[in-house]
Amino acid sequence: MSIFGKIKNAIFGGEAKAAEPAAAPAAEAAPAQRAAITEVDVAARLDNIPGSDKLNWRTSIVDLMKLVQIDASYENRKALAQELGNASYSGSAEDNIALHKRVMSEIAANGGIVPAELKD
């Protein structure tokens, strides 16, 4: 699964979480709620993840990835940037800000309700 797909599934719910044995009990309770949702309030969903108050997920791609339990290494961020069309990702602060905005824009394009200030 793509890195963006993992981020999207962590926010919307999906096969990635249900397939993890450790997450099975929580996944069994959550799908009924998630299946009925056609649009997801992304900020509310992410704010409800334990530990979100200690991370700056609203502006930091690294913190967003950490929050949804995805390795935020340079290699993964570079792969994510390439998935989303940025072949020249360098890992600079500017690239990370742009990548975060791009991820939020893609989440919005996939049915997420994302505050305008978090998108491109």
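This tour of a predicted model visits a buried methionine and then the salt bridges.

Begin by selecting Met-104, which sits in helix α8, spanning residues 93–109. Its relative accessible area is 0%, so Met-104 is buried. Next, display the residues around Met-104. Beyond its neighbours within four places in sequence, Met-104 is in contact with Val-42, Leu-46, Leu-64, Val-114, Leu-118 and Lys-119. Among these, Leu-118 merits a distance label: Met-104 and Leu-118 are 14 residues apart in sequence, and their C-alpha atoms lie 6.3 Å apart.

Remain in helix α8 and select Arg-102 and Glu-106, whose side chains form a salt bridge with an N to O distance of 3.2 Å. The two residues are four apart in the helix, which means that about one helical turn separates them. Arg-102 has 32% relative accessibility and therefore counts as partly exposed.

Move now to Asp-47 and Arg-58, where the side chains meet in a salt bridge at 2.8 Å, N to O. Asp-47 belongs to helix α5 (residues 42–47), whereas Arg-58 lies in the loop between α5 and α6 (61–67), so this pair ties together parts that are eleven residues apart in sequence. Asp-47 is partly exposed at 36% relative accessibility, and Arg-58 is partly exposed at 31%.

Finally, select Asp-53 and Lys-54, the side chains of which meet in a salt bridge at 3.9 Å, N to O. How exposed are these residues? Asp-53 is exposed, with a relative accessible area of 64%, and Lys-54 is exposed, at 71%. The count of salt bridges in the model comes to three.

Terms used. Residues numbered from 1 in each chain as written. Predicted model: local features only at pLDDT ≥ 70, side-chain atom pairs only at ≥ 80, totals over all residues. Heavy atoms only, no water. Buried < 20%, exposed > 50% of the residue type's maximum accessible area, 1.4 Å probe, protein only. Contact = heavy atoms within 4.5 Å. Salt bridge = Lys/Arg side-chain N within 4 Å of Asp/Glu carboxyl O.
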